[in-house]
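Student: Please take me through one part of this model in detail. I would like to see how its charged residues pair up, and what packs around them.

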Amino acid sequence: MRIETIRHLHCTVLRARGELDHAGRVRFSACVNAVWDWTAGPVLVLDLADLDFYDSSVIGVLAMAMQRMEEQGSGRIILVRPSDHLLSVLRLTDLLSRVELRESVEETVAELMLRSGADGSPTSPRSRFTAPGPSP
């Protein structure tokens, strides 16, 4: 599994590729924890569209982040281009109502900038890293 994170002023984008199984869940959870304080809230934009495979581990990661946000009393999870299967699983587990859905990472980042009162000019990421591990 490969995880890329991009830090923007108003959100952190996490793009996951490959297989999100038990081992991937551990890495993905660690990555979410590592970027937690990068933005106020936090606001996490998760792009999981390039996952080749995922099991219930994806629900575990989302539930962990949601629980932490609930404990803090703030935060947002925005899923970009989730698969129909993931949407179905989120609906069945009653987690769908706790995430926001979007079609594009770029549009989501721009929307967050505009809503925050930013001047609307594009910003480049302030920080970027890729979690180590084998490529898919």
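**Salt bridges and the core beside them**

Tutor: Start with Arg76 and Glu100, which form a salt bridge with their closest N and O atoms 2.7 Å apart. Keep in mind that this is a predicted model. Arg76 sits in strand 4 and Glu100 in strand 5, so the pair ties together parts 24 residues apart in sequence. Arg76 is partly exposed, at 25% relative accessible area. Glu100 is also partly exposed, at 22%.

Next, take Glu111. Glu111 forms a salt bridge with Arg102, with the closest N and O atoms 3.2 Å apart. The relative accessible area of Glu111 is 22%, so Glu111 counts as partly exposed. Shared partners join Arg76, Glu100, Arg102, Glu111 and Arg115 into one network of salt bridges.

The structure holds 10 salt bridges in total. Another of them pairs Arg15 with Glu106, the closest N and O atoms being 3.5 Å apart. Arg15 belongs to strand 2 and Glu106 to helix 4, so this pair ties together parts 91 residues apart in sequence. Arg15 is buried, with a relative accessible area of 16%, because the cut-off for buried is under 20%. Glu106 is exposed, at 55%.

Now the loop before helix 4. Ser104 lies there, between strand 5 and helix 4. Ser104 is buried, at 15% relative accessible area. A polar atom of the Ser104 side chain lies 3.1 Å from the backbone nitrogen of Glu107.

Turn to the nonpolar packing. Ile77 touches Glu100, and also Leu44, Leu46, Leu62, Ala65, Met66, Met69 and Val99, leaving aside residues up to four places away in sequence. The largest nonpolar core has 29 residues, and Ile77 is one of those with the most contacts inside it, as are Leu14, Phe28 and Leu79. Strand 2, helix 1, strand 3, helix 2, strand 4 and helix 3 each supply at least two residues of this core. Helix 2 gives the most, with seven. Apart from this core lies another, of 11 residues, including Val45, Val105, Val109 and Met113.

Finish with helix 2. Its buried residues include Leu62, Ala65, Met66 and Met69. Among the elements covering the buried residues are strand 3, strand 4 and helix 3. The 16 residues of helix 2 should span 22 Å at 1.5 Å a residue, and the end C-alpha atoms are 23 Å apart, which agrees. Just after helix 2, Gly73 takes a positive phi of about 80 degrees.

Conventions. Residues are numbered from 1 along each chain as its sequence is written. This is a predicted model: local features need pLDDT of at least 70, side-chain atom pairs count only at pLDDT 80 or more; totals for chains, interfaces and linings use all residues. Side-chain values use heavy atoms; hydrogens and water are left out. Helices (H or I, at least four residues) and strands (E, at least two) are DSSP runs, numbered from the N terminus. The expected span of a helix is 1.5 Å times one less than its number of residues. Buried means under 20% relative accessible area, exposed over 50%, partly exposed in between (1.4 Å probe, protein chains only). Contact means heavy atoms within 4.5 Å. A polar contact is a pair of N or O atoms within 3.5 Å; within protein, one must be able to donate a hydrogen and the other to accept it, and residues adjacent in sequence count only if both atoms are side-chain atoms. A nonpolar core is a set of buried Ala, Val, Leu, Ile, Met, Phe, Trp, Tyr and Cys residues joined through side-chain atoms within 4.5 Å. A salt bridge is a side-chain nitrogen of Lys or Arg within 4 Å of a carboxyl oxygen of Asp or Glu.
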